[in-house]
Each structure stands twice: as C-alpha cells, then as structure tokens.
Amino acid sequence: MTLTALARASQRADFPRAPVAPFAVLRPLRGTKELVALRLEIDADIPARERLLNAAFGAERFAKTSEVLRAGRLPARGLALSAMHNGELVGTVRLWHIDAGGKPALLLGPLAVADSHRSLGVGGVLMREAIARASALGHKAIILVGDAPYYERFGFSTALTTQLDMPGPVERARFLALELSPGALDGAHGMIAATGAKAPRSRAKLASTRRRAA
Ligand SMILES: CC(C)(COP(=O)(O)OP(=O)(O)OC[C@H]1O[C@@H](n2cnc3c(N)ncnc32)[C@H](O)[C@@H]1OP(=O)(O)O)[C@@H](O)C(=O)NCCC(=O)NCCS
C-alpha cells in the first residue's frame with residue numbers, strides 16, 4: 001500500500017487503531033455511601049443510553065442544531081463515557097470532533113443523568129472526567145450548547161464563541177466554550193463543522209431508525 005493510500009485508509013472509521021486504555025474510576029454519590037463507576041461506553045450500553053436521552057430530552061433532541069454535527073459520526077476515541085450504578089447506566093456524555101472556525105476542537109453532548117440519580121454529583125463527575133480525559137488525549141478546546149448556569153462551574157463561557165456560528169439556530173447565551181490549552185480558540189472564526197470519522201453504515205442506519213422512531 002502506498003503512503004497516500006495508507007493515509008486515506010486511516011481516515012476510515014473501521015481502520016484498526018491502537019486501543020484507548022480501558023478505565024474505570026469510582027466516585028462517591030454525593031450524600032450517600034454509594035459509588036458511581038465511570039467507564040468507556042460499550043455497545044451494550046446503547047439501548048439504555050438512548051432510553052436515558054429520550055427521557056431527558058424527548059424526541060425533539062434530534063432536531064437540535066448540535067445533532068447536525070453528530071449525525072452519522074462516531075464520537076471522539078476514548079470520549080464516550082457511561083456512569084454506572086448497581087449495574088445500571090445512570091449517566092452519559094460524549095464528545096465529537098469538530099472544526100471550530102479553523103481550530104480543531106470537540107463538541108460536548110448530550111450530557112444526561114437519570115432522573116433517579118440527579119443532584120448526586122453524577123453530572124459533575126462525568127463533566128470533570130470528560131474534560132480531564134480530553135485534555136490528556138491532547139485536545140485543545142471544547143464547545144457545547146447548554147445552560148450556562150450549569151456549565152460555567154466547569155469553566156465554560158460565551159466569551160470564546162462570539163466569532164463562531166453553529167450550522168443552524170443557536171441561542172448565543174447557551175453557546176459556550178472552554179479552552180484546555182490557553183489561546184486554543186484565538187482567531188477561531190466562522191462556522192463549526194463536523195470532522196469526526198463517519199460511523200460505519202450499519203451503525204448510521206441504526207441511529208437513523210432510532211431518530212425516525214422517536
Ligand atoms: C443537567 C444534568 C446533566 C445535571 O446532572 P446532575 O447529576 O444532577 O448534576 P450534579 O449533581 O453534578 O449537579 C447538580 C446541581 O446542578 C444544578 N443544575 C442542574 N441542571 C441545571 C441547569 N440546567 N442549570 C443550572 N443548574 C443546574 C442542580 O440544581 C444542582 O445544584 P445543587 O448542587 O446546588 O443542588 C441533569 O440534570 C440532566 O440530565 N438534565 C436533563 C438533561 C440536560 O438538561 N442536560 C444538559 C444540560 S443543558
């Protein structure tokens with residue numbers, strides 16, 4: 001295989017890659033003696049993750065502008081996390097490769113915690129773990145659309161997105177960013193675009209069936 005062909009093949013989602021080290025971290029559930037385990041999402045989590053997201057956001061989640069940047073893509077390697085308690089999925093967060101007006105970055109979302117487990121710190125531990133892992137994996141900035149009063153505690157702000165646009169309607173007050181490397185978004189200007197690996201056809205088809213069914 002020529003170097004050019006190899007470079008092209010390496011862009012494909014099914015190209016063999018060095019595995020991301022599996023991990024599991026335990027964190028206390030606030031105000032209880034229980035622990036929540038964070039780990040990489042596995043395929044067996046997907047039905048429970050989809051039920052959790054439907055319960056948290058309803059069917060309109062598929063109409064969100066951020067979804068345009070996620071549909072048909074795979075999340076960034078090592079950055080799809082599940083929070084497990086007593087063998088059940090109680091929280092989820094994923095991050096996605098994007099080009100943020102000329103700067104490589106990640107889009108975070110959706111983040112959701114099961115109604116039964118809210119205000120126990122699960123959202124916070126998922127966010128902190130996602131940010132730490134993104135930084136350790138060499139990513140430089142994270143963008144999201146969400147409630148500023150929640151995300152400001154992790155360092156997100158609207159100040160870094162003033163020159164950026166989403167490929168659809170977005171409330172500027174909810175359009176937030178965090179630099180993992182200072183200055184990473186300096187000069188970022190223009191439309192955000194998806195850059196992640198395309199999901200294999202079978203997975204993309206399953207996701208679109210779920211969208212239609214929701
Ligand atoms: C937002 C969400 C992920 C937080 O998860 P969580 O595990 O309850 O979060 P934590 O326990 O770490 O933090 C809870 C705190 O955040 C606050 N909080 C929760 N959602 C908030 C919001 N949208 N805006 C501001 N504060 C919020 C809670 O009031 C609570 O405050 P307290 O610590 O003073 O009691 C969860 O409520 C959820 O899944 N919501 C529905 C989906 C959603 O809205 N996701 C993205 C937010 S845009």
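Mentor: Two strands pair if DSSP finds at least two bridges between them. Helices (H or I, at least four residues) and strands (E, at least two) are DSSP runs, numbered from the N terminus. This model is predicted: local features need pLDDT of at least 70, side-chain atom pairs count only at pLDDT 80 or more, and totals for chains, interfaces and linings use all residues. Residues are numbered from 1 along each chain as its sequence is written.

Trainee: How many helices and strands does the protein have?

Mentor: Take the whole protein, 214 residues. Its secondary structure comes to six helices and ten strands.

Trainee: Which residue in β7 stands opposite L107?

Mentor: Start with the strands. β5 (103-108) and β7 (141-145) pair in the parallel sense, over two bridges. Opposite L107, in β7, stands I143.

Trainee: How many bridges join β7 to β9?

Mentor: β7 and β9 (175-179) run antiparallel. A141 stands opposite E179 in β9. The bridges that join β7 to β9 number five.

Trainee: Which residues of β7 point the other way from A141, I143 and V145?

Mentor: In a regular strand, side chains alternate between the two faces of the sheet. A residue is buried if 20 or more other C-beta atoms, placed from the backbone, lie within 10 Å of its own; 12 or fewer make it exposed, and in between it is partly exposed. Five of the five residues of β7 are buried, so the rest of the structure largely encloses this strand. A141, I143 and V145 point one way, and the other way point I142 and L144.

Trainee: Which element gives the largest share of the largest nonpolar core?

Mentor: A nonpolar core is a set of buried Ala, Val, Leu, Ile, Met, Phe, Trp, Tyr and Cys residues joined through C-beta atoms within 7 Å. The largest one has 48 residues, and L95, L106, L126, A130, I142 and I143 have the most contacts inside it. Among the elements that give two or more residues are β2 (35-40), β3 (80-85) and β4 (88-100). The largest share, seven residues, comes from α4.

Trainee: With which residues is I142 in contact, leaving aside its neighbours within four places in sequence?

Mentor: Residues are in contact if their C-beta atoms, placed from the backbone, lie within 7 Å. In the protein, 71% of the contacts with a separation of 6 or more join residues 24 or more positions apart. For I142, the list is L95, A105, L106, L108, I131, A134, A177, L178 and L180.

Trainee: How far apart are the end C-alpha atoms of α4?

Mentor: The expected span of a helix is 1.5 Å times one less than its number of residues. α4 has 15 residues, so it should span 21 Å. The model agrees, with its end C-alpha atoms apart by 21 Å.

Trainee: Which residue just after α4 takes a positive phi?

Mentor: Follow α4 (122-136) to its end. V122, V125, L126, M127, A130, I131, R133 and A134 are buried in this helix. Just after α4, a positive phi of about 95° belongs to G138.

Trainee: Which element gives the most to the shell around the ligand?

Mentor: The shell has 15 residues, and the closest are R118, G123, G124, G146 and D147; near means a C-beta atom, placed from the backbone, within 6 Å. β6 (112-113), α4 and α5 (148-151) each give two or more. The most, three residues, comes from α4.

Trainee: Which residue in β10 is the bridge partner of I98?

Mentor: β10 (190-194) pairs with β4 in the antiparallel sense over three bridges. β10 also pairs with β8 (164-165), in the parallel sense over two bridges. For I98, the partner in β10 is A194.

Trainee: Is A197 partly exposed or buried?

Mentor: A197 lies in the loop between β10 and α6 (201-213). Its C-alpha atom and that of R73, 124 residues away along the chain, are separated by 5.7 Å. With 18 C-beta neighbours inside 10 Å, A197 counts as partly exposed.

Trainee: Which residue in the turn between β1 and β2 has a positive phi?

Mentor: β1 (24-28) and β2 pair in the antiparallel sense over five bridges. P28 stands opposite L35. The two strands form a hairpin with six residues between them, and the positive phi, about 80°, is that of G31.

Terms used. Two residues are in contact if their C-beta atoms, placed from the backbone, lie within 7 Å.
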